[in-house]
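Got your viewer open? Here's a short tour, one selection at a time.

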There are 2 protein chains.
Amino acid sequence: MRFTRRIVELSRSLETPVLLLDRASLRRAYARVRAALPEADCYYAVKANPHPEVLRTLAALGAGFEVSSPVELRAVLDLGVPALRIMSSNPIKPVAFVQAAHAAGIDRFAVDSRAELVKLAHHAPGSRVYVRLTVDNSGSEWPLAKKYGASAADALQLLREARAFGLRPYGLTFHVGSQCLDKESWTSALLLCHEIWRELDADGIELQMLSLGGGFPVRHTRPVPSLKEIGREAARVLRDLFPPDRVELTVEPGRALVGEAGLLVASVIGKAERGQERWLYLDAGVFNALLEAIQGFRYQLRTERAGPPRRYVLAGPTCDSVDTIAQDVPLPELSVGDRVYFLNAGAYTLSYASSFNGFEPPRVVAFDDAPRLAREQLGEPDEAVALLA
Amino acid sequence: MRFTRRIVELSRSLETPVLLLDRASLRRAYARVRAALPEADCYYAVKANPHPEVLRTLAALGAGFEVSSPVELRAVLDLGVPALRIMSSNPIKPVAFVQAAHAAGIDRFAVDSRAELVKLAHHAPGSRVYVRLTVDNSGSEWPLAKKYGASAADALQLLREARAFGLRPYGLTFHVGSQCLDKESWTSALLLCHEIWRELDADGIELQMLSLGGGFPVRHTRPVPSLKEIGREAARVLRDLFPPDRVELTVEPGRALVGEAGLLVASVIGKAERGQERWLYLDAGVFNALLEAIQGFRYQLRTERAGPPRRYVLAGPTCDSVDTIAQDVPLPELSVGDRVYFLNAGAYTLSYASSFNGFEPPRVVAFDDAPRLAREQLGEPDEAVALLA
């Protein structure tokens, strides 16, 4: 979503913190993913933003959904999404979730351990299983490598054993880490998949699905590879290595679909000078919206003030020191009541949020295509608002 | 709350994750704080656990409340707590909160910046202000030093200026950091308070309140000083330095009141061997209950299994690697479905919790005095259950 005068005017009447959600931007992101990876079937990782407006918009486009808990499953089923458009890529699933998913007709589950095969054999017999592989996460800003993932050797063993458990060996998946900035991460992972695929083929085990996982980045303060570039690289490797008529290619984006569709509006609630530091306190912070800040995440910010940038420590509203969003943030001189806009903040701002200290997560205001509204109704250039990188 | 066979039996019929809340334990903790600091008026820091059962139990004992947001304020006012039993120690407060608190008759607010004096002058004229001082947080496991707090020089200036803003200079507060293990932290802070107090006295500004803040620790895996020891040390310093008839002493415990009253019950949902590591996955994790783990917090754990301890990496249920509770945790061999009990988990387990990935925070089951029930009804020793430190 672009930051326009229309956005500022729209948000002025709203109490903060508020997350503006542009459905048109979400639709464009879905189209971009489809265009970048035309062979791939797209499953939205619900954890990135489970708001009903997001799920409904994507469901209407025919997107699939990746879910991990009974709550996520119910949200998607309630929209009428058919079971064949749902899969579960969390390699360790609660029994209650497996039972509910199986009862709903879902038959595709990730695994990375023998205990999970046992669980699926018992609670979702006959299901198709795909192994989550450990791959390099060094290109990612929010690595996901250690907690899940089987080695190549373990993957081979799990897929060879699957039939003995009454399950169907189905495919491979991996996760290069969230907000991955290195497009080679996907191609290296595909090379590893190919080795396993070929070895199983020689055993007479024909895999079908290859999932590129998620991790596709959204622009914040550093340059990121485009989906198109990542897709082109992946397609080249796929074309060279995998039989085109036999691979069901899937992709599980979260942030790449919903990140740019959200704009977080916060207000300044206080200011203080502490030694050499100028602190600026907002009504949105680490606990109620910006948990990714604890790993050093930085957003692009906008304000309505002009003037030379000062360096601020940006903090949230709670009593807790962990609720410090970022050090050394350039912003013009701001006063209590001024607004601060966080761009591309649609992903993980609602889903990680708590109400710690009574400061509740942002409300969501959804609408269609704000930039177009701005041009048509106001006839003003998009950059009319004072901007600061 | 002690861990007894009765607790195990009680929780067996409950779905996990669940937080057992023992009101009798809460009442005993309140009595301990009162006994350790008999001169001090006790204000519960609502952020530690805002569950209605906690607030109701403490309100019935005549406790005061420390609140920071409209949500916390409303929760306390709705219980019929009078305004004179409520104060706000967050030095940076949203305008809407100040307005609501002032309208409710609350007139005691912490400050640590000039901008906050301006805000209070406008929205809560005539209020009593107390300055939050920066003090040493090196004895704390969850330090709170950087985000708030005025230097001694700034404190003097703020309290001298208060009258010019139509506010009343009232006192001093500080925070030694959450879960503070060094009892000297309080006495050093009191020495600093005394210097400021005396200097203002010489100017004809008579302060009244001295708040010892919070940070009183709860026993987890490391030994902690008792409330009694901390109280004795503080009383000695107070007796030597402050006029006994003129100081309103207050204390703002959170964890020290509610920590031991809560026992978190989780279930094993999966197991995996990853290289040399054994991983154990629970339905309670960093996002839905144990956020303090990100700063290295360790809880005492209990299970119902006997057997030699193995070393586990303990993780939560979500797709996210940040959802890893602790490395190298000694537990007996456990299976999917087994329960794991987190002792003294009443503080910050609900208030920090989100529903990330659809895994919801623990439900709360409140009751009275479980250990006594156990002895009376079962006639068994408390240690009948297989325990592991």
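**Stop 1: helix α9**

This is a predicted model, and the tour starts in chain A. Select residues 227-241: that's helix α9 of chain A, 15 residues reaching 21 Å from its first C-alpha to its last, close to the 21 Å expected at 1.5 Å a residue.

Now pick out Leu227(A), Ile230(A), Gly231(A), Ala234(A) and Leu238(A), the buried residues of α9(A). They sit on the same side of α9(A) because they cover an arc of only 95° around the axis. That fits the usual helix pattern: with 3.6 residues a turn, residues three or four places apart point the same way.

What lies over those buried residues? Show α2 (23-36), α8 (184-202), β11 (248-251) and α10 (255-258) of chain A, which are included in the cover.

Next, flip to the face turned away from the buried side, where you'll find the exposed residues Lys228(A), Glu229(A), Arg236(A), Arg239(A) and Asp240(A).

**Stop 2: the two domains**

Colour chain A by domain: domain 1 is 50-253 and domain 2 is 262-384. Their centres, taken over C-alpha atoms, are 33 Å apart. Domain 1 of chain A puts nine residues into the contact, and domain 2 of chain A puts in twelve. On the domain 1 side, the split is three nonpolar, three polar and three charged residues.

**Stop 3: chain A meets chain B**

Bring chain B into view. Each chain gives 46 residues to the contact. On chain A, select α4 (70-77), α6 (114-123) and β12 (262-274), each of which supplies at least two residues. β12(A) has the largest share, four residues. By class, chain A's side divides into 23 nonpolar, twelve polar and eleven charged residues.

How values were computed. Residues numbered from 1 in each chain as written. Chains lettered and ligands numbered in written order. Predicted model: local features only at pLDDT ≥ 70, side-chain atom pairs only at ≥ 80, totals over all residues. Expected span 1.5 Å × (residues − 1). Buried ≥ 20, exposed ≤ 12 C-beta atoms within 10 Å, placed from the backbone. Arc of directions from axis to C-beta. Contact = placed C-beta atoms within 7 Å. Nonpolar A, V, L, I, M, F, W, Y, C, P; charged D, E, K, R; others polar. Domains from an automatic or database assignment.
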